[in-house]
Amino acid sequence: MMWFWLGFFVLVAVLLALDLGVLNKGNHEPTFKRALTQTLVWVVIGLAFSAVVYFIYENHWLGAKMIDDKGKVASGTDAAIVYVSAYLLEQALSIDNIFVIALLFTNFRVPPHYQHRVLFWGILGAVVFRVIMLGGGAYLATKFTWIFYVFGAYLAFQGLKMLRADHEEETNLDNHPAIRFLRRFVTIVDGEHGGKFSIIHNGRRALTTLAVCLIVVELTDIVFALDSIPAVLSVSHETFIMVTSNIFAILGLRSLYFVLAGAMAKFEYLKIALAILLILIGAKMCASNHYHVSNVVSLALIAGII
């Protein structure tokens with residue numbers, strides 16, 4: 001599988017280079033039409049990769065095999081269905097992340113024409129963290145079958161908590177742990193400063209609020225990964241499918257943000273839908289050793305709730 005991993009990350013690097021160096025060069029606020037077009041392109045790329053997954057596992061290229069819940073070698077069709085299910089699941093959970101990012105941009109007073117830059121580097125960091133955390137999650141799932149009860153209970157708890165959460169919760173930046181920690185070591189200065197993440201202030205290197213916002217966005221993604229990684233484990237234990245579906249969903253997060261950011265208030269039932277999704281996935285994980293849910297049913301359930 002090493003060549004598949006290498007080819008995948010080369011593809012990701014090329015797509016990111018095109019995204020930042022060609023399609024979004026310079027500081028500007030993407031228009032709704034442009035953001036929608038780019039979002040659709042990312043979705044098409046993400047879903048089209050299911051065809052690659054199909055051929056890899058149908059023909060067992062380079063010895064690639066996916067073992068299903070019954071211990072049998074899965075077909076390419078099953079592998080593609082699992083990939084699409086994991087992709088849609090991550091897309092659904094990442095929408096909640098957009099709400100938090102929008103709140104952070106408001107509180108840090110990040111101008112619209114710099115937001116895409118923060119999101120780009122934030123997503124680049126998220127890709128690295130997700131690969132590490134997904135690898136760790138897959139290892140735990142393989143070595144310790146009881147971890148599914150822990151993951152399942154955690155997801156169900158998060159879903160119940162989301163149902164009861166105040167949607168309009170505000171963030172006090174002065175009391176934010178990341179900012180309090182950073183102030184011990186570096187100077188933090190307000191202002192745009194041409195979109196730079198650090199400047200020389202009074203003869204010393206200082207971080208701008210843009211850099212602090214980026215750090216908090218990265219920390220936020222790690223927190224959200226605590227939900228999405230157990231969730232994707234409920235769909236598949238195959239590391240290649242887990243990582244590729246997760247990363248393709250993350251890559252389109254930046255353009256999706258600019259599509260949804262101006263219409264957040266219209267998603268009246270989104271929190272409820274995501275909460276139900278987490279609760280059902282948690283229940284499925286807890287029952288996975290006793291009751292089998294087919295991949296087609298899982299895909300229909302995820303798509304239907306979204």
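Me: A disulfide is a pair of cysteine sulfur atoms within 2.5 Å. How many disulfides does a search of the whole structure find?

Reply: This is a predicted model: local features need pLDDT of at least 70, side-chain atom pairs count only at pLDDT 80 or more, and totals for chains, interfaces and linings use all residues. Residues are numbered from 1 along each chain as its sequence is written, and side-chain values use heavy atoms, with hydrogens and water left out. Over the whole structure, the number of disulfides found is zero.

Me: How is C286 classed at 25% relative accessibility?

Reply: Buried means under 20% relative accessible area, exposed over 50%, and partly exposed in between (1.4 Å probe, protein chains only). C213 has a relative accessible area of 0%, so C213 is buried. C286 is at 25% and therefore counts as partly exposed.

Me: Where does H60 lie, and what is its phi?

Reply: Helices (H or I, at least four residues) and strands (E, at least two) are DSSP runs, numbered from the N terminus. H60 sits in the loop between α2 (32-58) and α3 (76-107), and is partly exposed because its relative accessibility is 35%. Its phi is positive, in a residue other than glycine, with a value near 55°.

Me: Is L62 buried or exposed?

Reply: L62 is also found in the loop between α2 and α3. Its phi is positive too, near 50°, and L62 is not glycine. Most residues other than glycine have a negative phi. With a relative accessibility of 54%, L62 counts as exposed.

Me: In what order do the three strands form the open sheet?

Reply: Two strands pair if DSSP finds at least two bridges between them. β1 and β3 are parallel, over three bridges, while β2 and β3 (residues 204-208) are antiparallel, over four. The pairing is thus mixed, and the order is β1-β3-β2.

Me: Which strands are at the edges of the sheet?

Reply: The three strands form an open sheet. An edge strand here pairs on one side only, and this holds for β1 (187-189) and β2 (198-201).

Me: Which residue of β3 stands opposite H201?

Reply: On the β1 side, T187 stands opposite A206 of β3. Between β2 and β3, S198 has L207 as its bridge partner. The two strands form a hairpin with two residues between them, and N202 in the turn has a positive phi of about 55°. Opposite H201 in β3 stands R204.

Me: At what angle does α7 run to β3?

Reply: Axes are lines fitted to C-alpha atoms, for helices over the stretch in contact (heavy atoms within 4.5 Å). Angles run from 0 to 180 degrees between N-to-C directions. Helix α7 (residues 209-233) is mostly covered, with 20 of its 25 residues buried. It lies across β1 and β3, and its angle to β3 is about 60°.

Me: Where does α7 bend?

Reply: The bend at a residue is the angle between axes fitted to the seven residues ending there and the seven starting there. For α7 this angle is about 35°, at A225.

Me: With which residues is V127 in contact, leaving aside its neighbours within four places in sequence?

Reply: V127 is part of helix α4 (residues 112-143). Its relative accessible area is 8%, so V127 is buried. I276 is 149 residues away in sequence and 26 Å away in space, C-alpha to C-alpha. Beyond its sequence neighbours, V127 is in contact with I247 and L251.
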